[in-house]
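Some of the terms applied to a structure rest on a cut-off, and it helps to see the value and the cut-off side by side. Please look at the model with that in mind.

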Amino acid sequence: MPPNAPEYRGKKVSMTCFVDASHANCQVTRRSWTGVMIFVNRAPMLWYSKKQYTVESSTFTSEFVAARVATEIVEGLRWKLRMMGIEVDGPTSMFCDNESVVKNAARPDSMLKKKHCSIAYHRVREAQASKVLRVAWESTETNIADIFTKILDGHRHHKLSQMILWRNPPLAPKVPKGD
Amino acid sequence: MDHLESHYTLKEGSIKKPEMYLGAEVKKCVVADPDNPDKVQWGVSSDTYVKRALEDVERELSQANQHLSTRAVTTLPVKYRPELDTTPELDPRRASYYMSLIGILRWMGELGRVDILMAVATMSSYMAAPRQGHLDNVLRILAYLKKHPQSTMSDL
């Protein structure tokens, strides 16, 4: 922390992050797609929808890569808010719809069985350990970042965009177990 | 403002509340906040930008005797695979038009139209060698915007 960092002013804000990935979405390169949506309090603040840079062999790994990308964005945004003198209330809740990723990232005793995504694994776990993040599970039905990873049908597209676009504010973050 | 005026000469009539910033409409709005329902806050909206972009595109299309579809419920067809598109490549003039459309759509995403973000990100992979099918589908995203011009993040 630099010595001339500004003092905190105003109310604390809470930060919520939704992550999703669609495995092997591109039929030519078989790369997956990352989708991230970050809310500060209840306002959509940052969004990301982009093809991943690597080919992943399983849904689990592509979700973990997405979680790593999201971790990096979250840390960047937290730092930015810190430097603007805005205090973030507790760790950022990160919601992911893949149960194995949540278990692997959130539980200290869980071991990684797929060695080739170990960088993403350690990146997310380190953020969780240093209380920057806390990873929790969110159903695919209500995971807002789903809209950024695949082309959806009319009904679901409408439902999810309504969730982001304020008419129906996003659900209050649930506190994950064992935290 | 008075402080600024004491140091600089300000142009007559140029001092007013902000209206546009980088293409986004700047307005005061009431946020649906249960704690203080009447609180007025500043907000930005992409509505004007979307409207003007659509006017531009429709003008361009009408020269070629085309028009935007009025039945686009989603941004792209669910089964559409741009990477498998084998329609002929666009000529340089229309390819650069494709790029400018992607640029416009990208800025809309930045201004808050997150509902089109996935579709735009998908289509912008084909900026270097766009095909006829890609252009048609970008026009479909615009047709979707025409059908849903209001889905902005701030309730204005």
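The questions and answers below take up the two chains of this predicted model.

Q: Why is α1(A) called oblique to α2(A)?
A: The axes of helix α1 (residues 59–83) and helix α2 (residues 99–106) of chain A come within 9 Å and cross at roughly 55°. Angles under 35 degrees count as roughly parallel and 65 to 115 as roughly perpendicular, so an angle that falls in neither of these ranges, and is not over 145, is oblique. That makes α1(A) oblique to α2(A).

Q: Which residues make the contact between α1(A) and α2(A), and what is the hand of the crossing?
A: The contact is made by A:Phe60, A:Glu63, A:Phe64 and A:Ala67 of α1(A), together with A:Ser100, A:Val101 and A:Ala105 of α2(A). By class, these residues are 5 nonpolar, 1 polar and 1 charged. The crossing of α1(A) past α2(A) is right-handed.

Q: What makes β3 and β5 the edge strands of the open sheet in chain A?
A: The sheet has 5 strands in the order β3-β2-β1-β4-β5, with mixed pairing, and β3 (43–51) and β5 (133–137) each pair on one side only. From one strand to the next, the twist averages 20°. Helix α2(A) packs on this sheet, touching β4 (92–96) and β5 of chain A, and its direction makes about 150° with that of β5(A).

Q: How do you know that β1 and β2 of chain A pair?
A: At least two bridges between two strands are required for a pair, and β1 (residues 15–22) and β2 (residues 33–40) of chain A have 8 bridges, in the antiparallel sense. In β2(A), A:Trp33 is the bridge partner of A:Ser22.

Q: How do you know that β1(B) and β2(B) pair?
A: With a cut-off of at least two bridges, the 2 bridges between β1(B) and β2 (residues 24–30) of chain B, which run in the antiparallel sense, satisfy the requirement. B:Tyr21 has B:Ala24 as its bridge partner in β2(B). These strands belong to an open sheet of 3 strands with the order β1-β2-β3 and antiparallel pairing.

Q: Why is chain B called more spread out than a compact globule?
A: For 156 residues the globule rule gives 15 Å, whereas the radius of gyration of chain B is 20 Å, well over that value, so chain B is more spread out than a compact globule. Along the principal axes, its C-alpha atoms fill a box of roughly 65 × 45 × 25 Å.

Definitions and conventions:
Residues numbered from 1 in each chain as written. Chains lettered and ligands numbered in written order. Predicted model: local features only at pLDDT ≥ 70, side-chain atom pairs only at ≥ 80, totals over all residues. Helix = DSSP H or I, 4+ residues; strand = E, 2+ residues; numbered from the N terminus. Axes fitted to C-alpha atoms, helices over the stretch in contact; angles between N-to-C directions. Left-handed = near helix turned anticlockwise from the far one by under 90°. Contact = placed C-beta atoms within 7 Å. Nonpolar A, V, L, I, M, F, W, Y, C, P; charged D, E, K, R; others polar. Rg over C-alpha atoms; globule rule 2.2 N^0.38 Å.
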